[in-house]
Amino acid sequence: MATVNRFEDLEIWQLARKLYSNISLIAERLRLKREFRFAEQMKAAAGSIMDNIAEGFERSSRLEFINAQSISKGECGELKSQLYRCFDDKYISEKEFSDLYKETDLLTKKIAAFIMYLNSCETKGLKFKDRQK
């Protein structure tokens with residue numbers, strides 16, 4: 001795998017950014033229905049996915065990066081649950097639910113695969129590069 005120098009180059013971050021954009025559109029609709037708290041919860045979960053990917057990358061430690069990806073994956077689960085609530089309350093159509101759920105589920109799987117990859121690496125990251133133990 002090639003070295004990635006910027007978190008923006010990570011496919012999972014790019015997918016998370018696209019998902020955030022799509023969730024933001026739903027949040028706008030929720031605000032029109034005066035569901036301000038729900039709208040902010042959904043935006044926060046979606047935003048946290050991409051933010052944790054970036055933060056973990058910038059920590060320059062493989063183990064901290066893995067931990068941040070685990071948090072991102074958990075936020076995907078939270079967002080999936082919120083999508084069910086959004087659908088059950090009839091704020092989104094069945095097709096919108098299905099499309100957003102699939103998008104979130106794909107991201108979950110890619111983050112899980114990335115965690116497995118990171119777990120198989122021996123590189124410590126720049127933060128611990130020159131430390132003996």
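**Exercise 1. Find out why cysteine 86 forms no bond with the closest cysteine sulfur.**

Step 1. Start at the sulfur of cysteine 86: the closest cysteine sulfur, in cysteine 76, is 17 Å away, so a bond is ruled out by distance. A disulfide is a covalent bond between the sulfur atoms of two cysteines. The cut-off here is a pair of cysteine sulfur atoms within 2.5 Å.

Step 2. Search the whole structure. The count of disulfides is zero.

Step 3. Check burial. Cysteine 86 counts as buried because its relative accessibility is 0%. Cysteine 76 is buried too, at 0%. (Buried means under 20% relative accessible area, exposed over 50%, partly exposed in between, with a 1.4 Å probe and protein chains only.)

A note on the basis: this is a predicted model, where local features need pLDDT of at least 70, side-chain atom pairs count only at pLDDT 80 or more, and totals for chains, interfaces and linings use all residues. Residues are numbered from 1 along each chain as its sequence is written, and side-chain values use heavy atoms, leaving out hydrogens and water.

**Exercise 2. Lay out the helices and strands of the protein.**

Step 1. Count them. There are four helices and zero strands. (Both are DSSP runs numbered from the N terminus: helices are H or I with at least four residues, strands E with at least two.)

Step 2. Read along the sequence. The pattern is α-α-α-α.

Step 3. Take the span. Along its principal axes the C-alpha trace covers about 55 × 25 × 20 Å.

**Exercise 3. Place threonine 104 and list its contacts.**

Step 1. Locate the residue. Threonine 104 lies in helix α4, residues 94-120.

Step 2. Buried or exposed? Threonine 104 counts as buried, because its relative accessibility is 0%.

Step 3. Leave aside neighbours within four places in sequence. Threonine 104 then contacts Leu19, Cys76, Leu79, Lys80 and Leu83. (Contact means heavy atoms within 4.5 Å.)

**Exercise 4. Describe the largest nonpolar core.**

Step 1. Take its members. The core holds 35 residues, and Leu10, Met42 and Ile49 touch the most other members. (A nonpolar core is a set of buried Ala, Val, Leu, Ile, Met, Phe, Trp, Tyr and Cys residues joined through side-chain atoms within 4.5 Å.)

Step 2. Assign the elements. Two or more residues each come from α1 (11-32), α2 (36-58), α3 (62-88) and α4. The largest share, 10 residues, is from α2.

Step 3. Look at leucine 10. Not counting residues up to four places away in sequence, leucine 10 touches Val4, Ile53, Phe57, Phe65 and Phe114.
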